[in-house]
Amino acid sequence: AIYGAMDEALGHVLRYSKEQLRSRIEEAGFSVERILDFNRASRPGWYLSGKLLKRRQLSRLQLRLFESSVWLWRRIDSSLPWPSTSIIAICVKP
């Protein structure tokens, strides 16, 4: 839903949902121990800039504003009501 121009500029081919990532990992013969989701705070800006406005990079001002408020985002990220921007899977080969 948020894949856009910035993803293309960064070389991202696609974005997985947790379910898609789990399925691909299991198809490859791995067992998923845990999937971590995080970075909800960046989703509105990423969607607006990359998907709607078709920007291929963030401005210095956007980056400074985000970076200066990371202390806040880290505290509230898990309670934001929308899906995360990033996921990491921890897997093992059986």
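Below is an informal chat about a predicted model, going through its salt bridges, one of its helices and a surface patch.

Reader: Let's start with charges. How many salt bridges are there?

Author: The count comes to 5 salt bridges.

Reader: OK, what does R15 form a salt bridge with?

Author: With D7. The closest N and O atoms of R15 and D7 are 2.9 Å apart.

Reader: And D7, is that buried or exposed?

Author: D7 counts as buried because its relative accessibility is 0%, and the cut-off for buried is under 20%. R15 has 26% relative accessibility, so R15 counts as partly exposed.

Reader: Where does D7 sit?

Author: In helix 1, which covers residues 5–9.

Reader: Which residue's side chain makes a polar contact with the side chain of D7?

Author: That's H12, at 2.7 Å.

Reader: Leaving aside neighbours within four places in sequence, what is D7 in contact with?

Author: I2, H12, R15 and W46. W46 also turns up among the buried residues of helix 3.

Reader: Good, stay on helix 3 then. Which residues are buried there?

Author: R43, W46, S49 and G50 are the buried residues of helix 3. Looking down the helix axis, they fall within an arc of 145°, so they line one face of the helix.

Reader: What do those buried residues pack against?

Author: Against helix 1 and helix 4.

Reader: What about K54, just after helix 3?

Author: K54 takes a positive phi there, of about 60°.

Reader: And where is L53 found?

Author: L53 is in the loop between helix 3 (43–52) and helix 4 (60–68). With 44% relative accessibility, L53 counts as partly exposed, because the range from 20% to 50% goes by that name.

Reader: Which residues make the nonpolar surface patch?

Author: L53 is one of them, along with Y47, L48 and L52. The patch has an area of about 360 Å².

Reader: Back to charges. What does D37 form a salt bridge with?

Author: K18 is one partner, with the closest N and O atoms 3.4 Å apart. That pair links distant parts of the chain: D37 is in strand 1 (residues 31–38) and K18 is in helix 2 (residues 18–27), 19 residues apart.

Reader: Are D37 and K18 buried or exposed?

Author: In between, for each of them. D37 counts as partly exposed because its relative accessibility is 26%, and K18 counts as partly exposed because its value is 34%.

Reader: You said K18 is one partner of D37. What about R40?

Author: The side chains of R40 and D37 meet in a salt bridge too, at 2.6 Å from N to O. R40 has a relative accessible area of 12%, so R40 is buried.

Reader: Which residues do salt bridges with shared partners join into one network?

Author: K18, D37, R40 and D77.

Reader: Last topic, R60. Where is it found?

Author: R60 is in helix 4. R60 counts as exposed because its relative accessibility is 65%, and exposed means over 50%.

Reader: How far apart are R60 and R22?

Author: They are 38 residues apart in sequence. In space R60 and R22 are 35 Å apart, C-alpha to C-alpha.

Key
Residues numbered from 1 in each chain as written. Predicted model: local features only at pLDDT ≥ 70, side-chain atom pairs only at ≥ 80, totals over all residues. Heavy atoms only, no water. Patch = residues over 30% accessible without salt bridge, like charges linked within 9 Å, V, L, I, M, F, W, Y side chains within 5 Å. Areas by Shrake-Rupley, 256 points an atom, 1.4 Å probe, with all protein chains shown as cover. Salt bridge = Lys/Arg side-chain N within 4 Å of Asp/Glu carboxyl O. Helix = DSSP H or I, 4+ residues; strand = E, 2+ residues; numbered from the N terminus. Buried < 20%, exposed > 50% of the residue type's maximum accessible area, 1.4 Å probe, protein only. Polar contact = N/O pair within 3.5 Å; in protein donor to acceptor, adjacent residues only side chain to side chain. Contact = heavy atoms within 4.5 Å. Arc of directions from axis to C-beta.
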